[in-house]
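Visitor: I am new to this structure and would like a close look at a single part of it, with the surroundings explained slowly and each term made clear on the way.

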Amino acid sequence: GASRTLEEIGFIEYLRSGGHGWKNLHAPIAAETDPVKRLDLRRQALFADYYLGSVHALAETGEFVIASASGSQLPHLVFTSPNLILVVGAQKIVPTLADALERVEKHVLPLEDARMKSTGAAGSVLAKELIFRREPAAMGRKFRMIIVREALGF
């Protein structure tokens, strides 16, 4: 998934380098210029075996929040990918779910909006928010969250 955190730890660059044994599903999506074909590739990628990303806020009560304009990363998180790996900078930890939602709106959104505008895009919007409370064992998915003791991402 798109992630400032993964960029900052060098993972995105490593993934792009091809110096690994994984299939980078993002590369052909990013390279596709036809909007219809790009959307089709994004839909195909929904069934990847692994999803790597981050969160925008992690409550000490256990919930985490991910915000999205398009929602493209949300299916992986809620259902389709059997293996989830999330890398989280420690600054994203807040006391409660209410604090997590506030962090997304007042801290993350303005930074993402500025980042999008710096690329020539119109900006960003807070269109969808996922509150993840737990992963039921019956789903059979493997879930890992790596908390890094430094400020990473927004």
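Where is His-20 found?

Guide: This is a predicted model, in which local features need pLDDT of at least 70 and side-chain atom pairs count only at pLDDT 80 or more, while totals for chains, interfaces and linings use all residues. Residues are numbered from 1 along each chain as its sequence is written, and side-chain values use heavy atoms, with hydrogens and water left out.

His-20 sits in the loop that runs between α2 (11–17) and α3 (26–31), where helices (H or I, at least four residues) and strands (E, at least two) are DSSP runs numbered from the N terminus. With a relative accessible area of 16%, His-20 is buried; that word stands for under 20% relative accessible area, with exposed for over 50% and partly exposed for what lies in between (1.4 Å probe, protein chains only). A polar atom of the His-20 side chain lies 3.1 Å from the backbone nitrogen of Trp-22. Such a polar contact is a pair of N or O atoms within 3.5 Å; within protein, one must be able to donate a hydrogen and the other to accept it, and residues adjacent in sequence count only if both atoms are side-chain atoms. If neighbours within four places in sequence are left aside, His-20 is in contact (heavy atoms within 4.5 Å) with Tyr-14 and Leu-15.

Tyr-14 and Trp-22 reappear together with Phe-11, since these three form one aromatic cluster. Rings of Phe, Tyr and Trp (its six-membered ring) pair if their centres lie within 6.5 Å, and planes under 30 degrees apart count as stacked, over 60 as edge-to-face and the rest as tilted. The whole structure holds five aromatic pairs. In one of them, the ring centres of Phe-11 and Trp-22 are 5.8 Å apart and the planes stand at 35 degrees, so this pair is tilted. Because Phe-11 belongs to helix α2 and Trp-22 to the loop between α2 and α3, the pair ties together parts that are eleven residues apart in sequence. Phe-11, like His-20, counts as buried, at 16% relative accessibility.

Another of the aromatic pairs is made by Phe-64 and Phe-132, which are stacked, at 4.7 Å centre to centre and 10 degrees between the planes. This pair links distant parts of the chain, for Phe-64 is in strand β3 and Phe-132 in strand β6, 68 residues apart. Both Phe-64 and Phe-132 are buried, and Phe-132 is also the bridge partner of Phe-64 in β6. Strands β3 and β6 run antiparallel and are joined by five bridges; two strands pair if DSSP finds at least two bridges between them.

Five of the five residues of β3 are buried, so this strand is largely enclosed by the rest of the structure. Phe-64, Ile-66 and Ser-68 point one way from β3, while Val-65 and Ala-67 point the other way. Strand β3 also pairs with β2 (residues 57–59), in the antiparallel sense and over two bridges, with Ala-57 standing opposite Val-65. In the hairpin of β2 and β3, four residues lie between the strands, and Gly-62 takes a positive phi near 110 degrees.

Phe-64 and Phe-132 are among the twelve residues of the largest nonpolar core, which also includes Val-55 and Val-88. A nonpolar core is a set of buried Ala, Val, Leu, Ile, Met, Phe, Trp, Tyr and Cys residues joined through side-chain atoms within 4.5 Å. Two or more residues of this core come from each of β3 (64–68), α5 (74–80), β4 (83–89) and β6 (128–132), and β4 gives the largest share, three residues. Val-55 touches several residues that are more than four places away in sequence, including Phe-64, Ile-66, Val-88 and Met-145.

From Val-88 the view passes to β7, where Ile-147 stands opposite Val-88. Strands β4 and β7 pair in the parallel sense over seven bridges.

Back in helix α3, at the far end of the loop that holds His-20, Ile-29 is found and is buried, with a relative accessible area of 11%. Ile-29 touches Arg-38, Leu-41, Arg-42 and Ala-45, residues up to four places away in sequence not being counted.
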